[in-house]
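Me: Could you walk me through this structure, starting with the ligand and then a couple of individual residues?

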Amino acid sequence: MEAMSARRGEDAAPPAAAATKVVLIGFMGAGKSRAAVIAGRRLGAEVIDTDALLEQRLGEPIASFFDRDGEAAFREREQAVVLELLERPGAAVLALGGGAITSEQVRARLREHLCLYLEADLDLAWERSRESGRPLARERASFERLHAERAPLYESAFRAVLPGGRGDQTERALEAALGLADARTPPTVRMAWACTSSPPGGYPVYLGVGTLDAAAPLWPAGGRAFAVADERVRVLHGERLETALTPVGLEQVIAVPPGERHKTLAEAESVLRALARAGMERSDVLVAFGGGVVGDLAGLCAAIYQRGVRAVQVPTTLVAQVDSAYGGKSGVDIPEAKNYVGVFHQPAAVLADPSLLATLPAAELRAGFAEVVKTGLISGGGLWERVRALSPIEHALGDEPEALAAVIEGCVRTKLAVVAEDERELGVRASLNLGHTFAHALEAATGYEGYRHGEAVGVGLLAALRVSEQELGLDGVVRAEVEALLERHGLPVRFEGASTDEIMARAALDKKRRGGRARLALLRSPGNVVTGCEVDDASLREAIEEFRGAAAPGAAASGGRRRS
Ligand SMILES: NC(=O)c1ccc[n+]([C@@H]2O[C@H](COP(=O)([O-])OP(=O)(O)OC[C@H]3O[C@@H](n4cnc5c(N)ncnc54)[C@H](O)[C@@H]3O)[C@@H](O)[C@H]2O)c1
């Protein structure tokens with residue numbers, strides 16, 4: 001493939017803005033005014049701070065108007081000003097006062113514009129607001145209540161969520177979010193921000209139908225692109241990938257054979273050699289185009305090629321879109337154990353386009369649903385509700401695309417939040433391994449041929465929930481519900497094909513094991529995972545024995561077995 005030029009790079013021009021306004025929303029102290037100034041400069045657009053404009057029109061500070069006439073009178077004036085600005089023709093960047101979002105009319109109008117939510121956690125918001133003279137930031141308890149009340153309102157309105165009040169990191173996230181303001185980016189594309197220490201400050205995660213085709217305005221600046229693609233995915237979506245990445249300087253697509261059995265050091269070596277032959281340099285970007293297998297393999301190659309190049313993940317399976325593409329864990333299997341050789345290498349960006357899932361075989365889609373259930377259990381709350389309410393996954397893809405997109409986004413944000421707290425898995429990140437000790441052991445014991453990763457995770461979850469009942473008193477209702485959910489989505493709830501001894505031998509190689517005892521992530525209740533629970537082998541054996549049996553009918557119909 002020839003080298004292409006015309007990419008968004010050091011010479012990045014302002015995005016060709018679509019005809020909507022960029023609106024910064026968020027709680028007090030999130031840094032909206034400053035972000036608006038930066039965005040206005042970047043887009044060459046007028047910047048209006050609604051609080052400043054209101055003070056001008058009121059002819060006095062907001063605090064004195066508020067104290068004299070009360071909040072209701074203030075909100076009325078605020079709503080009128082904000083609606084006027086949103087309805088005014090022409091481009092502009094607006095920084096909205098923190099409470100403007102409480103107006104239903106304002107929220108309805110915001111849907112027509114590009115709404116960026118600067119999310120500030122409570123402590124940061126309080127620290128930045130307490131001495132600002134704001135009328136609603138005089139007392140911590142009511143401030144806290146307000147913070148909790150407004151969060152769902154901001155959540156309902158944004159297209160991109162960025163870390164508020166975090167200096168450079170906020171600026172980088174803002175720059176990435178302005179890719180959504182580009183006329184080439186369809187309104188279906190959304191963004192979340194992954195906070196990490198490497199690359200410093202994090203990376204954008206773009207989600208939604210059309211994300212792949214909008215790669216050019218969303219691309220991290222600089223370098224050429226080299227892609228590692230799952231062979232099967234290349235046949236199905238290769239042209240689309242090439243069209244999308246040609247403007248960012250796509251040089252070459254290297255195809256790798258599909259399937260877990262190719263997630264090996266030997267395959268990594270052949271990719272590295274192909275990249276060297278193709279002349280990839282350190283400033284270039286390695287694109288992973290495929291499911292978790294290619295994501296993990298290409299991530300490892302990106303981490304070690306010339307001691308590290310940037311990686312962009314373009315996940316094409318449900319497993320990869322909800323889980324494996326984020327968080328930087330990259331690696332390969334060895335015959336003895338799964339994911340045993342690897343590194344942490346955070347991506348430079350992730351582009352997750354659910355339209356790529358349309359060609360995914362039903363069995364793979366179902367396997368992905370097991371990771372969705374896992375993440376729902378970890379998150380609890382609204383995400384767990386949405387996961388439980390989803391139609392069987394093959395139907396959800398066609399019939400409930402919005403519900404599925406919301407579930408995918410919820411899973412992504414859950415994972416990003418966990419990883420942000422513990423990037424290198426020294427503590428809380430181990431919660432993401434719920435069900436995985438058993439799953440990895442089953443996969444290895446069946447030669448990576450018996451079960452798809454997600455299928456093994458489904459049974460592994462049940463085993464982990466059983467142990468959780470014994471160790472943490474988890475209500476048995478949860479396991480019954482998860483079992484019914486897995487069955488409804490056509491996933492196996494029993495396993496076969498390996499003896500308990502074989503599985504125990506593989507589990508003994510689990511990387512979390514210490515002093516000869518298994519250390520598991522277990523569930524106290526949905527939303528409450530406890531990591532590092534030491535469990536003796538007898539309990540583990542019992543749990544394994546309990547789930548021995550025939551595969552569920554749905555899984556059997558889909559093959560339930562491997563594979564390519
Ligand atoms: N790094 C992490 O944090 C992490 C997390 C979870 C899972 N994983 C890893 O992910 C792997 C499992 O990922 P997976 O389930 O995506 O498997 P996979 O990558 O093997 O993909 C599954 C199958 O789907 C095919 N496929 C992919 N995209 C397609 C598409 N759009 N249309 C049609 N076919 C398509 C592939 O060719 C393959 O046959 C495991 O190796 C697991 O260890 C890693």
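Reply: A polar contact here is a pair of N or O atoms within 3.5 Å; within protein, one must be able to donate a hydrogen and the other to accept it, and residues adjacent in sequence count only if both atoms are side-chain atoms. This is a predicted model, where local features need pLDDT of at least 70 and side-chain atom pairs count only at pLDDT 80 or more, while totals for chains, interfaces and linings use all residues. Residues are numbered from 1 along each chain as its sequence is written, and side-chain values use heavy atoms, with hydrogens and water left out.

Me: Which ligand atom does the backbone of G292 approach?

Reply: An oxygen atom of the ligand, which lies 2.8 Å from a backbone N or O atom of G292. Polar side-chain atoms also approach ligand nitrogen atoms, that of D296 at 2.9 Å and that of T359 at 2.7 Å.

Me: And how much of the ligand does the protein bury?

Reply: The protein buries 96% of the 860 Å² that the ligand exposes when taken alone (accessible areas by the Shrake-Rupley method with a 1.4 Å probe).

Me: Switching topic, where is H345?

Reply: H345 is in the loop that runs between β13 (337-344) and β14 (349-352), strands being DSSP E runs of at least two residues, numbered from the N terminus. Its side chain reaches the backbone oxygen of V309 at 2.8 Å.

Me: Is P315 buried or exposed?

Reply: P315, which sits in strand β11 (residues 310-315), counts as buried because its relative accessibility is 1% (buried means under 20%, exposed over 50%, partly exposed in between, with a 1.4 Å probe and protein chains only).

Definitions and conventions
Helix = DSSP H or I, 4+ residues; strand = E, 2+ residues; numbered from the N terminus.
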